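Trainee: I should like a close look at one part of this model, namely an aromatic cluster and the sheet around it. Which residues and elements make up that part, and how are they arranged?

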Amino acid sequence: MDCLFCKIINGEIPSSKVYEDELCYAFNDINPQSEKHILVVPKEHICCLNKVDEHNSHLVAHIFEVIPKIAKENGFESYRVINNCGEAAGQTVMHLHFHVLSGSNLGEKLV
């Protein structure tokens, strides 16, 4: 498989790791959209949110348990979590991932 995030997870491409466990991997985004921008991805390749089902939804639940821990460890007092599903929505890497953004006031318009 020629997936950028799978290669990052497997250590084939370097990243700035923030968190890792048996189910997910988190790293700093190389093109941050805010002062602090972390990507959290399941280690299992799932192309997008549309492919989450009863067999893999536990991975998304786990990620949403981990995100507050990552936020706390990185000093995020407040933050935003974003998922883009599909190219038209801005998904550029077809591996399910969640953007965790923090920093100065993100405002109400950044969605």
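**The aromatic cluster and its sheet**

Mentor: Phe27 stands opposite Leu39 in β3, and this position is a convenient point from which to start. Residues are numbered from 1 along each chain as its sequence is written. The model is predicted, with local features requiring pLDDT of at least 70, side-chain atom pairs pLDDT 80 or more, and totals for chains, interfaces and linings using all residues, while side-chain values rest on heavy atoms, without hydrogens or water.

Let us take the rings before the strands. The structure holds four aromatic pairs (ring centres of Phe, Tyr or the six-membered ring of Trp within 6.5 Å; planes under 30 degrees apart are stacked, over 60 edge-to-face, the rest tilted). One of them joins Phe5 to Phe27: the ring centres are 5.5 Å apart and the planes meet at 75°, so the pair is edge-to-face. This contact bridges distant parts of the chain, since Phe5 belongs to helix α1 and Phe27 to strand β2, 22 residues apart (DSSP runs of H or I, at least four residues, for helices and of E, at least two, for strands, numbered from the N terminus). Both Phe5 and Phe27 are buried (under 20% relative accessible area; exposed is over 50%, partly exposed in between; 1.4 Å probe, protein chains only).

Phe27 has a further ring partner in Tyr25, whose ring centre lies 5.8 Å from that of Phe27, with the planes at 45°, so this pair is tilted. Ring pairs thus link Phe5, Tyr25 and Phe27 into a cluster. Tyr25 is buried because its relative accessible area is 6%, and Phe27 counts as buried because its value is 4%.

We may now turn to the sheet. It is an open sheet of five strands in the order β1-β2-β3-β5-β4, with antiparallel pairing (two strands pair if DSSP finds at least two bridges between them). Its edge strands are β1, residues 17-20, and β4, residues 80-82, each of which pairs on one side only.

In the strand order, β2 follows β1 and precedes β3. Five bridges connect β2 with β3, and the sense of this pairing is antiparallel. The other neighbour of β3 is β5; β3 and β5 likewise run antiparallel and are joined by five bridges. A residue position on that side is given by Lys36, whose bridge partner in β5 is Ser102. Strand β3 is mostly covered, six of its seven residues being buried.

Val18, in contrast, lies in strand β1, at an edge of the sheet. With a relative accessible area of 22%, Val18 is therefore partly exposed. A span can also be stated for Val18 and Val81: these residues are 63 apart along the chain, and their C-alpha atoms are separated by 16 Å.

To draw the picture together, Phe27 sits in β2 and pairs with the ring of Phe5 in α1, and Phe27 also stands opposite Leu39 in β3. Tyr25 completes the ring cluster with Phe5 and Phe27. From β2 the sheet continues through β3 and β5 to β4 on one side, and to β1 on the other.
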